[in-house]
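Me: Could you walk me through this structure and explain how its labels are earned? I am new to it.

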Amino acid sequence: MIKIKLFCAAGFSTGMLVDKMIEAAKEKGIEVDIEACSQHELGKCLENLDVALLGPQVGYTLPKSKKICDEKCVPIGVIPMTDYGTMNGEKVLNFALDLIEESK
Amino acid sequence: MSEMETVIMQLIIHAGDGKTKAHEALREAKEGNYKEAENLMKLAHEALIVAHNAQTSLLHKEAAGEKVEITALFVHAQDHLMTSMSEINLIEQILDLRIEMNHLKDQLAMEGLK
């Protein structure tokens, strides 16, 4: 089971993307647990997490967020703007899987 | 995605992109890279314009008599745009302060060497 969390300002628009990513994972036959949260809660949400994704609208928090994630050895990345804007669940899922792969 | 959702996402990502660029500008200015900071602020303002245009397209629709559905997500998107706009304006002022402060620090350091 791969555990992914998406962080944005309120976990609102990322919530829409979560559904699309779960759909994409089902098609690929990958077992996932994906959730949307607020970036403010990042520090409390990293237990047993495989990868953290930031919405591009909170991309400015990357230096701060990365510091917190590095401490827990959780890879983190900012979702590309175009994939986010078009709510492309498959591409964002692949982006997350690549981040996990790179961190190994 | 519906047309409305597409416009909403345009609002959110471009408003967010603008804010991100402005924060990057602050970081560059802190390191003394003023040219980069200036470029990033230009990009921040450009991103705001793109977001603003997305919003204007909806306002035009409503002005033309077409009903625009107000969803919580739409309000949230506008919240993003408004906070980005005010934050970018404030960051512009903070950048000026940062540059002045760096100059003053340099001056003090020079005087200290005398």
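Reply: Happy to. Keep in mind that this is a predicted model. A good place to start is α3(B), where A77(B), H80(B), L81(B), S84(B), I88(B), I91(B) and L95(B) are buried.

Me: What do the buried residues of α3(B) pack against?

Reply: They pack against α1 and α2 (34–63) of chain B.

Me: How do you know that α3(B) reaches close to the span expected at 1.5 Å a residue?

Reply: Compare the two lengths. With its 42 residues, α3(B) spans 60 Å from first C-alpha to last, and the expected value is 62 Å. The helix α1(B) can be checked likewise: its 28 residues reach 41 Å, close to the expected 40 Å.

Me: What makes α1(B) "mostly covered"?

Reply: The count of buried residues does: 20 of the 28 residues in α1(B) are buried. A residue earns that word when 20 or more other C-beta atoms lie within 10 Å of its own. Just after this helix, G32(B) has a positive phi of about 90°.

Me: Which helices of chain B each supply at least two residues of the side that touches chain A?

Reply: In the contact between the chains, 14 residues of chain B meet 14 residues of chain A. On the chain B side, α1 (3–30) and α3 (72–113) each supply at least two residues. The largest share, 10 residues, comes from α1(B). Sorted by class, that side has 6 nonpolar, 6 polar and 2 charged residues.

Me: Which residues have the most contacts inside the largest nonpolar core?

Reply: They are F7(A), L53(A), L11(B), A25(B) and A44(B), in a core of 50 residues. The largest share of this core, 10 residues, again comes from α1(B). As for F7(A), its contacts beyond four places in sequence include C37(A), L42(A), L53(A) and V58(A).

Me: Why is V58(A) called buried?

Reply: The cut-off is 20 or more other C-beta atoms within 10 Å. V58(A) has 24, so it counts as buried. This residue is found in the loop between β3 and α2 of chain A. Not counting residues up to four places away in sequence, V58(A) touches F7(A), C8(A), A9(A), Q39(A) and, from chain B, G16(B).

Me: And E47(A): what makes it exposed?

Reply: A residue is exposed when 12 or fewer other C-beta atoms lie within 10 Å. E47(A) has 8 such neighbours, so it falls in the exposed class. Its place is the loop between β2 and β3 of chain A. Although E47(A) and K72(A) are 25 residues apart along the chain, their C-alpha atoms are separated by 8.0 Å.

Me: What are the edge strands of the sheet in chain A, and what makes them edges?

Reply: The open sheet has 4 strands in the order β2-β1-β3-β4, with parallel pairing. Its edge strands are β2 (32–38) and β4 (76–78), as each pairs on one side only. From one strand to the next, the twist averages 20°.

Me: How do you know that β1(A) and β2(A) pair?

Reply: Pairing calls for at least two bridges. β1(A) and β2(A) have 7, in the parallel sense, so they count as a pair. One of their partnerships joins I2(A) to V32(A) in β2(A). By the same test β3(A) and β4(A) qualify, with 3 bridges. There, A52(A) has I76(A) as its bridge partner.

Me: Why is β1(A) described as largely enclosed?

Reply: Because 5 of its 7 residues are buried, the rest of the structure largely encloses this strand. Helix α1 (residues 13–28) of chain A lies across β1 and β2, running at about 175° to β2(A).

Me: Why does M87(A) count as partly exposed?

Reply: Buried needs 20 or more neighbours and exposed needs 12 or fewer. M87(A) has 18, so it sits in between and counts as partly exposed. M87(A) lies in the loop between α3 (81–85) and α4 (89–103) of chain A. Its phi is near 55°, a positive value in a residue other than glycine.

Key. Residues numbered from 1 in each chain as written. Chains lettered and ligands numbered in written order. Predicted model: local features only at pLDDT ≥ 70, side-chain atom pairs only at ≥ 80, totals over all residues. Contact = placed C-beta atoms within 7 Å. Nonpolar A, V, L, I, M, F, W, Y, C, P; charged D, E, K, R; others polar. Expected span 1.5 Å × (residues − 1). Core = buried A, V, L, I, M, F, W, Y, C linked by C-beta atoms within 7 Å. Axes fitted to C-alpha atoms, helices over the stretch in contact; angles between N-to-C directions.
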